[in-house]
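Here are some worked exercises to go through with the model open in your viewer. Try each task first, then follow the solution step by step.

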Amino acid sequence: MKNNLKNIFVWSYKEEYSVLRKKILKSVDKVFKSGSLILGGEVENLEKKFSKTTSNKYGVGVNSGTDALQICLMALGVKRGDEVITTSNTAVPTISAIVSCNAKPVFVDINEKDYLIDCSKVEKKITKKTKVIIAVNLYGQSADYKKLNKIAKKYRIKIIEDCAQSTGAKYYNKPSGSFGLLSAFSFYPTKILGAYGDGGMIVTNNKKYFTLSKQLRKYGMSKLYYSNVHGINSRLDEVQAGIISLKLKYLEKSVISRRRIAKIYSENIKNKELVLPTQNKNCFHSYYVYVVRHKRRKLIMDYLKKNGIFCNISYPFPIHLMKGYKYLGYKKGSLPITERLSKQIFSLPMYPELSLKKVHKVIKLLNNFK
Ligand SMILES: Cc1ncc(COP(=O)(O)O)c(C=O)c1O
């Protein structure tokens, strides 16, 4: 594929596809010939393999990361009136999954340094109604589970890990997804292990929650045409499972590439006005995105765009201030760090196949910005 330096996108799957095309098409053809299109051998195979990479015994393939979160909450019995603690600087689905269970999201502010849940502010938000903490491993870095586990144990609260952005990351040398009672992954195309469509997975070491999650993804059925509990329809299809299985072989390599690009950015960006991301002690960052911040974000992003570099913002709007969640009662100033940083953050181009020439072009432009 031509190394076109004219336009550099924050993410692209096209270079990957040009390398894996034959293998991907072979895998799709295998599924189409197999006679099984949904929840068949490919899904079972992926569930076994993927759960193992996260140090879990069980995996449940579902239709998306959002569904994975919702099913985790349903499996834990979260219902109307319950409260779920999480952050506002996350993807909307973290919150929509809670609301889909009729529960109430309760927001905790983030750390300025790593954009993750500020564990020192969690206890103040716990009430008798708190059932779960959804810890979001944002941007590819794990939340602080040593601190969160202590709190969860003290108040008998359960932890769900939102691993949508942290596939391949580690915390104290253990894989992301091995800290929650249940953990939710996304295979959305942009993700570290991205499908060519939607997909997600729940992983757990708990047999009871595994069995229940499996039922919940298929109308709550314990046997054909018999619903044991109220469930939803969230099946992973065989085509996506086959492609993800194939890409799973390259996961480690692709995380190494991401970390290499991040290292080059970190070592060579010299613009003093840009705040660069850092890796916490005892964390192995998988750099789903490389998030920087600048006080004149619009100006620098416009300048990059003029020069053919297309960045992204995750996330420009804190969820607690969105119209859709106004009823929760938060106001401007409720989460000061989240609100301030949401005006400064943006993500530089980052995907494993991003060429070094492109990376250096981005760096040069950033260093020349006055
Ligand atoms: C932190 C986080 N949680 C949940 C999700 C939901 O995943 P999906 O898009 O597969 O539903 C995403 C992805 O958008 C995410 O980034």
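The exercises below go from the sheet to the domains and end with the backbone.

The model is predicted: local features need pLDDT of at least 70, side-chain atom pairs count only at pLDDT 80 or more, and totals for chains, interfaces and linings use all residues. Residues are numbered from 1 along each chain as its sequence is written.

**Exercise 1. Lay out the sheet**

Work out the strand order of the open sheet of seven strands, and find which strands stand at the edges.

Step 1. Fix the terms. Helices (H or I, at least four residues) and strands (E, at least two) are DSSP runs, numbered from the N terminus. Two strands pair if DSSP finds at least two bridges between them.

Step 2. Read off the order. The seven strands run S2-S10-S9-S6-S5-S3-S4, the sheet is open, and its pairing is mixed.

Step 3. Look at the ends. S2 (58–62) and S4 (104–108) each have a single partner strand, so one side of each has no neighbour in the sheet.

Step 4. Add the twist, which averages 25° from one strand to the next. Here axes are lines fitted to C-alpha atoms (for helices over the stretch in contact), and angles run from 0 to 180 degrees between N-to-C directions.

Step 5. Place the helices. H3 (residues 65–75) packs on the sheet and touches S2, S3 (83–87), S5 (130–136), S6 (158–162), S9 (182–186) and S10, with its direction at about 165° to that of S9. H4 (residues 92–100) lies across S3, S4, S5 and S6, at about 145° to S4. Contact between two residues requires C-beta atoms, placed from the backbone, within 7 Å.

**Exercise 2. Follow S9 and its partners**

Is S9 buried or exposed, and how many bridges join S9 to S10?

Step 1. Set the scale. A residue is buried if 20 or more other C-beta atoms lie within 10 Å of its own, exposed if 12 or fewer, and partly exposed in between, with C-beta atoms placed from the backbone.

Step 2. Apply the scale. Five of the five residues of S9 are buried, so the strand is largely enclosed by the rest of the structure. Leu 182, Ala 184 and Ser 186 point one way, while Ser 183 and Phe 185 point the other way.

Step 3. Take the S6 side. S6 and S9 run parallel and are joined by three bridges, with Ile 160 opposite Leu 182.

Step 4. Take the S10 side. S9 and S10 run antiparallel, joined by five bridges. Met 201 in S10 is the bridge partner of Phe 185.

Step 5. Continue outwards. S10 (residues 200–204) also pairs with S2 in the antiparallel sense over five bridges, and Tyr 58 stands opposite Thr 204.

**Exercise 3. Describe the contact between the domains**

Which element gives the most to the side of domain 1 that touches domain 2?

Step 1. Split the chain into domain 1 (15–109 + 116–248) and domain 2 (250–368). The bounds come from an automatic or database domain assignment. The C-alpha centres of the two domains lie 24 Å apart.

Step 2. Count the contact: 28 residues come from domain 1 and 30 residues from domain 2.

Step 3. List the suppliers. On the domain 1 side, H1 (14–34), H4, S4, S7 (170–171) and H7 (238–248) each supply at least two residues. S4 gives the most, with three residues.

Step 4. Zoom in on Lys 104, which lies in S4. Lys 104 is partly exposed, with 18 other C-beta atoms within 10 Å. Leaving out residues up to four places away in sequence, Lys 104 touches Glu 83 and Leu 328.

**Exercise 4. Check the backbone**

Find where Asn 173, Asn 282 and Tyr 315 are placed.

Step 1. Recall the background: most residues other than glycine have a negative phi, and most peptide bonds are trans.

Step 2. Take Asn 173, in the loop between S7 and S8 (174–175). Its phi is positive, about 70°, and Asn 173 counts as exposed, with 8 C-beta neighbours inside 10 Å.

Step 3. Take Asn 282, in the loop between H8 (251–268) and S13 (283–284). Asn 282 has a positive phi of about 70° and is partly exposed, with 13 other C-beta atoms within 10 Å.

Step 4. Finish with Tyr 315, in the loop between S15 (309–310) and H10 (336–342). The peptide bond from Ser 314 to Tyr 315 is cis, with omega near 15°.
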